[in-house]
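User: I am new to reading protein models, and I would like to go through one slowly. Could you take me through the features in turn, giving the general idea before the case at hand?

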Amino acid sequence: AAQTPRISTGTLPEADLVIRLLDEAHARFAGVEDGAVADYIPALASSDPAQFGLSIVGVHGARHSVGDAGVAFTIQSISKPFVFALMANELGHEKVRELLGVNNSGLPFDSVLAVELNPGRTANPMVNAGAIATTSLVPGADAAAKWEFVRAGLSRFAGRELAVDEEVYASESHSNARNEGIARLLEGYGRIYSDPIEATDIYTRQCSLLVTTEDLAVMSATLADGGVNPITQERVIDEDSCKRTLAVLATAGLYERSGEWLYEVGLPAKSGVSGGIITVIPGKGGLASFSPPLDDAGNSVRGTLATAYLSTTLGLNVF
Ligand code: DON
């Protein structure tokens, strides 16, 4: 298929400045004590609230990190854009828009009401309903093959083989009534595309994949680079799927706070309840943060502050 030309908005500022500002962002916000660690998944409640890491990867392969950038944590909702990107790449952008939606729900990530109000449809692939529906589209003869498609696909974005945190997976599996309920509700509307409980289980596994901010920055830089991993040079998805994924992130990556995020940061991004955030700097690179305490929408407090600071000081805002 014909590829659209890559859109590049330039390069990251020079390495010395990036390193200095990463250090400054870390120092400036490490002492912020606001927010609370997620505890609705029991295994996440014991996360260390002091942890704070930042990583940036340029599309030409530059890599810089500060703080707890090598600490592994579960990817959670940050898996959603990558599974969506893989499915857009499989099915084409029109089909996934029709099946999953691409508008903001204006409601929290685990909202049941959002499905009812839509009506009977998922708002977008970044909220739990849309993400479970996205995973229900994954190809494979059985659950094991579908899971391997997801694990291998996310591993290509990261440039290394990712593995599940079995403790977090078991913990969320045993407290997963709400997600299973959402999947059953979607089944009632004909808006889930495989067995709802199987899809929820694969979705829960994908959320339990272990990553560091260094991994997430590479994954994010792959989205910044039109679908090519800047470290391995592998093309993971086509450029059109990449562009569509960034549009969905800008619209819904920070849930009902996506407008405020775009207003302050001006870049597509995705948060997760374990405290990670990825931010894509189109054509330039990927930024990732990790700090477990969250605001009331489920977004990392220090990660939000550090990303806004870096976007401003490094001149990354696309607007
Ligand atoms: O399904 C869930 O609730 C979690 N596995 C993921 C949710 C999440 O990360 C929302 N993020 N801020």
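User: How many helices and strands are there in the chain?

Analyst: Helices (H or I, at least four residues) and strands (E, at least two) are DSSP runs, and they are numbered from the N terminus. By that rule the chain has 13 helices and 7 strands. Before we go on, note that this is a predicted model, in which local features need pLDDT of at least 70 and side-chain atom pairs count only at pLDDT 80 or more, while totals for chains, interfaces and linings use all residues. Residues are numbered from 1 along each chain as its sequence is written.

User: What radius of gyration does the chain have, and what would a compact globule have?

Analyst: The radius of gyration is taken over C-alpha atoms, and the globule rule is 2.2 Å times the number of residues to the power 0.38. For 319 residues a compact globule would come out near 20 Å, and the chain has 18 Å, which agrees. The C-alpha trace spans about 55 × 50 × 35 Å along its principal axes.

User: How many of the residues, as a percentage, count as buried?

Analyst: A residue is buried if 20 or more other C-beta atoms lie within 10 Å of its own, exposed if 12 or fewer, and partly exposed in between, with the C-beta atoms placed from the backbone. Of the 319 residues of the chain, 56% count as buried.

User: Which strand is a good case of burial, and why is strand 7 described as largely enclosed?

Analyst: Strand 7 covers residues 285-290, and 6 of its 6 residues are buried, so the strand is largely enclosed by the rest of the structure. Gly285, Leu287 and Ser289 point one way, Gly286, Ala288 and Phe290 point the other way, and all are buried.

User: Which strands pair with strand 7?

Analyst: Two strands pair if DSSP finds at least two bridges between them. Strand 1 (residues 53-58) runs antiparallel to strand 7 and is joined to it by 6 bridges, with Ile56 standing opposite Leu287. Strand 6 (residues 276-281) also pairs with strand 7 in the antiparallel sense, over 6 bridges, and here Ile281 stands opposite Gly285. Strand 6 and strand 7 form a hairpin with 3 residues between the strands, in which Gly283 takes a positive phi near 75°.

User: Which helix is mostly covered, and what does it pack against?

Analyst: Helix 5 (residues 128-135) is mostly covered, since 8 of its 8 residues are buried. Its buried residues pack against helix 2 (79-91), helix 3 (93-100), helix 4 (113-117), helix 6 (143-158), helix 8 (177-188) and helix 9 (196-207).

User: Which residues does the UniProt annotation "binding site" cover?

Analyst: UniProt positions are given in the numbering used here, feature names are shortened, and annotations may be inferred rather than shown by experiment. The annotation comes from an unreviewed entry and covers Ser77, Asn128, Glu172, Asn179, Tyr203, Tyr255 and Val273. Asn128 is also among the buried residues of helix 5.

User: Where are Tyr255 and Val273 found, and which residues do they touch?

Analyst: Two residues are in contact if their C-beta atoms, placed from the backbone, lie within 7 Å. Tyr255 is found in the loop between helix 11 (239-252) and helix 12 (258-264), and Tyr255 is buried, with 24 other C-beta atoms within 10 Å. Not counting residues up to four places away in sequence, Tyr255 touches Pro108, Phe109, Val127, Ala297 and Gly298. Val273 is found in the loop between strand 5 (269-271) and strand 6, and Val273 is buried too, with 25 other C-beta atoms within 10 Å. With the same exclusion, Val273 touches Ala38, Leu44, Gln76, Ser77, Leu294 and Gly298.

User: How is the chain divided into domains, and how many residues of each are in contact with the other?

Analyst: Domain bounds come from an automatic or database domain assignment. The chain is divided into domain 1 (15-76 + 210-313) and domain 2 (77-207), and their C-alpha centres lie 20 Å apart. In the contact between them, 42 residues of domain 1 meet 36 residues of domain 2. On the side of domain 1 that touches domain 2, the largest share, 9 residues, comes from helix 11.
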